[in-house]
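Walk through this model with me, one element at a time. We will go from helix contacts to sheets, and then to a few backbone details.

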Amino acid sequence: MSGTTIPIIPAKATTAIEGDGMGCHAGGETLLAAAKSAGKSEILAQYAADYPKRENAGPHDQPQSMCPAFGSLRVGLRMRRTATILSGSACCVYGLTFTSHFYGARRSVGYVPFNSESLVTGKLFEDISEAVHAQADPEKLDAIVIINLCVPTASGVPLQILPKAINGVRIIGIDVPGFGVPTHAEAKDVLTGAMLKYARSEIMAGPVPAPRQARSDKPTITLLGEMFPADPMLIAQMIAPMGLAVGTVAPTREWRELYTALDSVAVAAIHPFYTASIREFEAAGRAIVGSAPVGVDGTHDWLGAIGQATGVAQAQIDAARNATLAAIRGVLSQQKINGRITLSGYEGSELLVGRLLVECGADLRYVGSACPATPWNAHDAAWLKSKGVQVQFRASLENDLDAMREYRPQLAIGTTPVVQAAKEASIPSLYYTNLISARPLMGVAGAGSLIQVINAAMGNQHRFDQMKDFFGSVGNGDKAGVWEDVPKDFPDFRKEQRRQLDKQAKKRKAEEMGS
Ligand code: SF4
């Protein structure tokens with residue numbers, strides 16, 4: 001044997017982002033730190049400012065919503081002549097495509113896959129670039145959206161150095177990590193804001209294409225937020241006496257509508273969380289108006305705020321109010337909601353629905369929203385609080401469930417897990433997204449449609465009572481499901497496992513203190 005010594009090379013420590021299978025379960029802090037050290041500090045700082053988290057948040061004090069990237073994906077998929085491509089772990093992409101098609105995307109979702117090697121060697125970026133070049137056909141597309149999910153963001157895949165356009169097709173690269181964008185609602189803003197920024201730079205550089213549909217000869221108001229299709233028409237009727245028209249609803253359905261959205265006299269932030277988009281509208285010199293025309297008070301205040309923002313004479317504001325408020329009062333005087341309600345959701349429109357419920361006579365105790373407090377929902381929050389309603393921004397599931405237990409409502413409106421918990425407790429419930437968001441909210445139609453659905457749901461209490469009487473406690477908790485024999489409880493097993501876990505935790509703590 002020769003005298004040479006084989007050198008010992010220390011094993012490379014695995015980082016948080018190497019390999020697949022990271023993400024939701026890897027711990028937000030780890031991924032955040034990795035992303036910052038990989039060159040994403042600036043965009044993450046912007047997200048932290050735009051989408052503030054709850055102060056002193058504990059592990060459960062944050063909203064639990066679906067993967068945030070769904071918001072951006074949905075906005076891209078709803079636009080004509082726009083391709084949307086995801087870059088992320090296969091499991092994330094599977095979930096996101098599944099959800100998109102569940103919600104009727106009827107469009108392909110592009111995907112650039114990666115593995116540990118392509119991620120850490122920089123090959124993933126080259127693959128993305130190749131995919132974008134291959135797709136950039138100006139005959140078919142106005143824009144390509146490419147979305148970095150958690151792992152590519154954490155490993156710093158630099159979408160920002162993609163060309164701004166290829167063959168005249170605009171390229172929009174955005175990072176939408178779950179550890180930087182708290183909700184899918186706000187992820188809609190990430191893409192909408194990026195598109196508005198791009199469109200604004202095009203307007204500043206020279207003439208841009210006209211909209212496909214004829215434009216109104218009146219000054220227009222842009223409506224910000226996805227809403228029920230009838231709502232823009234209802235709003236248009238309400239503002240017509242002020243000599244105003246509804247222009248575009250943003251997020252838009254095609255690229256050139258972005259130009260018309262920017263070319264308005266004012267922007268109605270119907271959904272209050274579009275912070276990046278509002279930044280672009282403000283940069284274009286547009287006035288922003290929060291809240292929405294819901295109920296008598298809400299419509300009165302909103303019409304006044306729109307009139308002021310657009311310099312309309314008081315007589316015209318009064319004319320608009322007179323034309324609408326009497327009709328809303330009429331609807332509200334004919335029917336009432338009688339009952340105690342708690343309300344929660346992650347759409348961003350929860351406070352507006354809350355206002356309408358109070359005006360319809362409901363004894364509303366709690367409104368929880370996964371979205372943050374912003375200047376555009378401050379007025380609604382103050383109004384609700386003045387009526388004795390508890391308002392919780394950035395509400396977690398635990399907040400919503402606590403409110404339901406505390407207030408024992410006759411109807412719980414909420415997200416899927418809230419509705420499930422309500423059913424278990426024999427409380428009639430309505431799923432916010434499918435049953436409340438999917439109906440008009442504004443003006444006369446809003447008041448009428450909400451009262452009907454709420455009263456019908458509250459009228460179901462006797463059915464819950466009958467079911468409870470019939471089934472008793474069968475199928476509760478661990479016994480839920482289909483079994484040949486009723487599962488036996490083994491409390492001793494659980495006790496012993498808990499004891500061992502506590503022991504392990506104590507040992508770890510002692511080691512940490514000693515080290
Ligand atoms: S992209 Fe979405 S699903 Fe994937 S790890 Fe991030 S938050 Fe989770």
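Asp189, Thr192, Gly193, Leu196, Lys197 and Arg200 of α7 touch Thr275, Ala276, Ser277, Glu280, Phe281 and Ala283 of α10. By class, this contact of α7 with α10 holds four nonpolar, four polar and four charged residues. The model is a predicted one, and what follows describes its computed geometry. Helix α10 covers residues 275-283. Its axis and that of α7 come within 7 Å and cross at roughly 20°. Angles under 35 degrees count as roughly parallel, so α7 and α10 are roughly parallel to each other. Their crossing is left-handed.

Helix α7 has a second helix partner to look at, α2. Here α2 spans residues 69-77 and α7 spans residues 184-205. The two pack at an angle of about 50°, and their axes are 6 Å apart. That angle makes α2 and α7 oblique to each other. The crossing of α2 and α7 is right-handed. On the α2 side, the contact uses Phe70, Gly71, Ser72, Val75 and Gly76. On the α7 side, it uses His184, Ala187, Lys188, Val190, Leu191 and Thr192. The contact residues of α2 with α7 comprise five nonpolar, five polar and one charged.

Does the length of α7 fit or contradict its residue count? At 1.5 Å a residue, its 22 residues should span 32 Å. The end C-alpha atoms of α7 are 32 Å apart, which agrees. Just after α7 comes Gly206, with a positive phi of about 155°.

Now turn to the sheet that α7 packs on. This open sheet has five strands in the order β2-β1-β3-β5-β4, and its pairing is mixed. Strands β2 (110-112) and β4 (165-166) stand at the edges. Each has a single partner strand, so one side of each is left without a neighbour in the sheet. Strand β4 runs antiparallel to β5 (residues 169-175), and two bridges join them. One bridge partner is easy to find: Ile166 is matched with Val169 in β5. Helix α7 packs on this sheet, touching β1 (82-87), β3 (143-148), β4 and β5. The direction of α7 makes about 140° with that of β5.

A second open sheet also has five strands. Its order is β12-β11-β10-β13-β14, and the pairing is parallel. The edge strands are β12 (390-393) and β14 (429-431), each of which pairs on one side only. From one strand to the next, the twist averages 10°. Within this sheet, β10 (residues 340-345) and β11 (residues 363-369) pair in the parallel sense over six bridges. Ile341 has Leu364 of β11 as its bridge partner.

Which strands does helix α13 touch? Helix α13 (residues 350-359) packs on this sheet against β10, β11, β12 and β13 (411-414). Its direction makes about 175° with that of β11. Helix α14 (residues 378-386) lies across β11 and β12. The run of α14 is at about 150° to β12.

Another helix pair is α12 (residues 314-334) with α18 (residues 443-458). They pack at an angle of about 10°, with axes 8 Å apart. Helices α12 and α18 are therefore roughly parallel to each other. From α12, the contact takes Thr324, Ala327, Ile328, Val331 and Leu332. From α18, it takes Gly443, Val444, Ala447, Gly448 and Ile451. The contact of α12 with α18 has seven nonpolar residues, three polar ones and no charged ones.

Two loops hold the last backbone details. Pro251 sits in the loop between β7 (245-250) and α9 (256-262). The peptide bond joining Ala250 and Pro251 is cis, with omega about 0°. Ser291 lies in the loop between β9 (287-289) and α11 (295-309). Phi of Ser291 is near 65°, a positive value in a residue other than glycine.

Conventions. Residues are numbered from 1 along each chain as its sequence is written. This is a predicted model: local features need pLDDT of at least 70, side-chain atom pairs count only at pLDDT 80 or more; totals for chains, interfaces and linings use all residues. Side-chain values use heavy atoms; hydrogens and water are left out. Axes are lines fitted to C-alpha atoms, for helices over the stretch in contact, and angles run from 0 to 180 degrees between N-to-C directions. Helices (H or I, at least four residues) and strands (E, at least two) are DSSP runs, numbered from the N terminus. Angles under 35 degrees count as roughly parallel, over 145 as roughly antiparallel, 65 to 115 as roughly perpendicular and the rest as oblique. A crossing is left-handed if the near helix is turned anticlockwise from the far one by less than a right angle, and right-handed if clockwise. Contact means heavy atoms within 4.5 Å. Ala, Val, Leu, Ile, Met, Phe, Trp, Tyr, Cys and Pro count as nonpolar, Asp, Glu, Lys and Arg as charged, and the others, Gly among them, as polar. The expected span of a helix is 1.5 Å times one less than its number of residues. Two strands pair if DSSP finds at least two bridges between them.
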